[in-house]
Protein chains: 4
Amino acid sequence: MELKSTTTFKVRFNEVDSMNITWHGHYVTFFEDAREAFGKEYNLDYMTIFREGYYAPLVDIHVEYKSPLVYGDEARAEIKYKDCDAAKIIFEYEIYNQKNNKLVAKGSTTQVFMDKDYRLVFYPPEFFVNWKIRNGLREV
Amino acid sequence: MELKSTTTFKVRFNEVDSMNITWHGHYVTFFEDAREAFGKEYNLDYMTIFREGYYAPLVDIHVEYKSPLVYGDEARAEIKYKDCDAAKIIFEYEIYNQKNNKLVAKGSTTQVFMDKDYRLVFYPPEFFVNWKIRNGLREV
Amino acid sequence: MELKSTTTFKVRFNEVDSMNITWHGHYVTFFEDAREAFGKEYNLDYMTIFREGYYAPLVDIHVEYKSPLVYGDEARAEIKYKDCDAAKIIFEYEIYNQKNNKLVAKGSTTQVFMDKDYRLVFYPPEFFVNWKIRNGLREV
Amino acid sequence: MELKSTTTFKVRFNEVDSMNITWHGHYVTFFEDAREAFGKEYNLDYMTIFREGYYAPLVDIHVEYKSPLVYGDEARAEIKYKDCDAAKIIFEYEIYNQKNNKLVAKGSTTQVFMDKDYRLVFYPPEFFVNWKIRNGLREV
């Protein structure tokens, strides 16, 4: 059972730096947009997590840049949920240039759970386990 | 009695666009930094306002761009509090290039007060009136 | 003859500040996105202007904030070209919350023309005059 | 011979998200600021590299988040140059909260060299080898 989502976006004028390529820092936003799209599609967005009583801050991000995006380029972000037993949400990302299907960047993020008092949660929250069951990643 | 404050900053690599000049949108941040510096100097920063029970969201911003800042330029932001009787905080700004003292941009912002339930406040909050008195803008 | 364009967008997680509303500085980007959409629809985008030998930097921006956008809100940006005889591009903007059609913000921007050596251009470039003719704003 | 540099910065209002902590994406900017400070101290900044005929785009960034920074926190970024024989610039970063000296984040970046036609350079440029010699990392 593979959970994945795809979004497309267009490089904005203000995302391009003086080298005429997309500034590397914006990929963090591209990843976040992909995560949002995934969250919306699979009911695991920030608001859902928050309503369940948790924050899910990032504790790790890794981006590898393969080829540049220039102003006006259309790109496609593919995000894949990578299941594990820990109280973590791990995603893998690939961004492609829509023009030639070339890999632009790849990477991963890891999120943990914190309760509303900002305390780290060591076991997967019940709502998250149920989410896995509903999505065929765990048996009841 | 004039209340004003001065800060300096350096243009970051990621603030420069593909025209090799500072992207116009970053001036909103330069203004905010100036406002922060003023707030810290005169005890009117976001946290102080928040502790008093209010938010002070912007309702108006105006920026006029006079000459460009390029990567690495050092600039000076001057902020001046413009007193009025309404429940508003109005600031005027001027940004100068430190190299040649040339005017880079000028502008203004207007903030209003909202209580913690996001309701607009029509009369100047007591803490704000006291702030004016303490700073010689009103008599007791 | 009215030239206008409409785009929609969704408020990103990272565009919301600690007051839980969209940080005011992001509206500059919302305006830019609207300008891009207009430029694409009417062939007056940055790349077209650049290919004609010009930059079109902003010299003035004004934003009035009417009601907040929160995380996840969908919004609609309407941009209208305001013709004038000077060597300027003036746009007016209105942003609405798609949920209730409430006005979120309005504003304007003014752009001038600079040649590739960053010199201000005092007369409307020929390509721009032709653009006006093609769009019914001037007679041949 | 260890080449390192230290900068301090203050968390801006607009860098804090709706969880009231610094949005993870801003650490890319904190790293860039540290890199700039290093570049200025050791003559390896973007402009120097550019004047020598090269770009030095990032090809890899990794950030681990250890503890949050909140609005108004003062932080210290330590950057260390990690020498290698390849045509790469590798840096390691640690960010600390000035208040309690707690580790806030750590990470690394890798940059490569491209010539002005955006072609990857496979051997360390001469100016970079000379830079290493001048800084005691290589013998003449």
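These legends go with a set of close-up views of a predicted model.

**Figure 1. Chain D and chain A are two copies related by a half turn.** A general idea helps here: two copies of a chain are related by a rotation about an axis and a shift along it. To lay chain D on chain A, the rotation is 180° and the shift along the axis is 0.0 Å, with an RMSD of 0.0 Å. That is the relation of a two-fold axis. Look for His62(D), the residue of chain D that comes closest to this axis, with its C-alpha at 2.2 Å. Both copies use the same surface, since 100% of the contact residues of chain D recur in chain A.

**Figure 2. Here is the contact between chain D and chain A.** On each side, count the residues that touch: 21 of chain D are in contact with 21 of chain A. Between them, the two chains bury about 2000 Å², and 63% of that lies on carbon and sulfur atoms. Which residues of chain D lose the most area to chain A? They are Met19(D), His24(D) and Tyr65(D), which together make up 27% of what that side buries. If you search this contact for salt bridges, the count is zero.

**Figure 3. Chain B and chain D meet in another view, again with a half turn between them.** A rotation of 180° with 0.0 Å of shift along its axis places chain B on chain D, at an RMSD of 0.0 Å. In chain B, Phe9(B) has the C-alpha nearest the axis, 5.7 Å from it. Once more the same surface serves both copies, as 100% of the contact residues of chain B recur in chain D.

**Figure 4. Now we look at what chain B and chain D share where they touch.** In this contact, 14 residues of chain B meet 14 residues of chain D. The pair buries about 1400 Å², with 42% of it on carbon and sulfur atoms. On the chain B side, Arg12(B), Phe13(B) and Tyr71(B) lose the most area to chain D, together 40% of what that side buries. How many salt bridges are there between chain B and chain D? The count is four. A salt bridge joins Lys40(B) to Glu74(D), and their closest N and O atoms are 4.0 Å apart.

**Figure 5. The largest pocket has lining residues from chain B and chain D.** About 1000 Å³ of space lies in this pocket. It has 32 lining residues, and those closest to its centre are Phe9(B), Lys10(B), Arg12(B), Arg12(D) and Asp33(D). To trace the walls, follow β1 (4-10) and α1 (26-42) of chain B, and then β1 (4-10), α1 (27-42) and β4 (74-82) of chain D; each supplies at least two residues of the lining. Sorted by class, the lining holds 13 nonpolar, five polar and 14 charged residues.

**Figure 6. The second largest pocket has lining residues from chain A and chain C.** Its space comes to about 790 Å³. Of the 23 residues that line this pocket, Phe9(A), Arg12(A), Thr8(C), Phe9(C) and Arg12(C) lie nearest its centre. Two or more lining residues come from each of β1 (4-10) and α1 (27-42) in chain A, and from each of β1 (4-10) and α1 (27-42) in chain C. Of these elements, α1(C) gives the most, with five residues. The lining divides into eight nonpolar, four polar and 11 charged residues.

**Figure 7. The largest cavity has histidines of chains A, B, C and D among the residues nearest its centre.** The structure has six cavities of 30 Å³ or more, and the largest has a volume of about 710 Å³. Its lining counts 32 residues; His26(A), Trp23(B), His26(B), His26(C) and His26(D) lie nearest the centre. Which element gives the largest share of this lining? That is α1(B), with three residues. By class, the lining has seven nonpolar, 16 polar and nine charged residues.

**Figure 8. A salt bridge within chain A links Arg138(A) and Asp83(A).** The closest N and O atoms of this pair are 2.5 Å apart. Arg138(A) lies in the segment after α3 (126-134), while Asp83(A) sits in the loop between β4 (74-81) and β5 (88-97), so the pair ties together parts that are 55 residues apart in sequence. Over all chains, the whole structure has 54 salt bridges.

Conventions:
Residues numbered from 1 in each chain as written. Chains lettered and ligands numbered in written order. Predicted model: local features only at pLDDT ≥ 70, side-chain atom pairs only at ≥ 80, totals over all residues. Heavy atoms only, no water. 1 Å grid on protein atoms, 1.4 Å probe; cavity = no way out; pocket = protein on both sides within 12 Å on 5 of 7 lines; lining within 4 Å. Points joined across faces, edges and corners; volume = space filled by probe spheres on them. Helix = DSSP H or I, 4+ residues; strand = E, 2+ residues; numbered from the N terminus. Nonpolar A, V, L, I, M, F, W, Y, C, P; charged D, E, K, R; others polar. Least-squares fit on C-alpha atoms with pLDDT ≥ 70 in both. Contact = heavy atoms within 4.5 Å. Buried area = accessible area lost by both parts, 1.4 Å probe. Salt bridge = Lys/Arg side-chain N within 4 Å of Asp/Glu carboxyl O.
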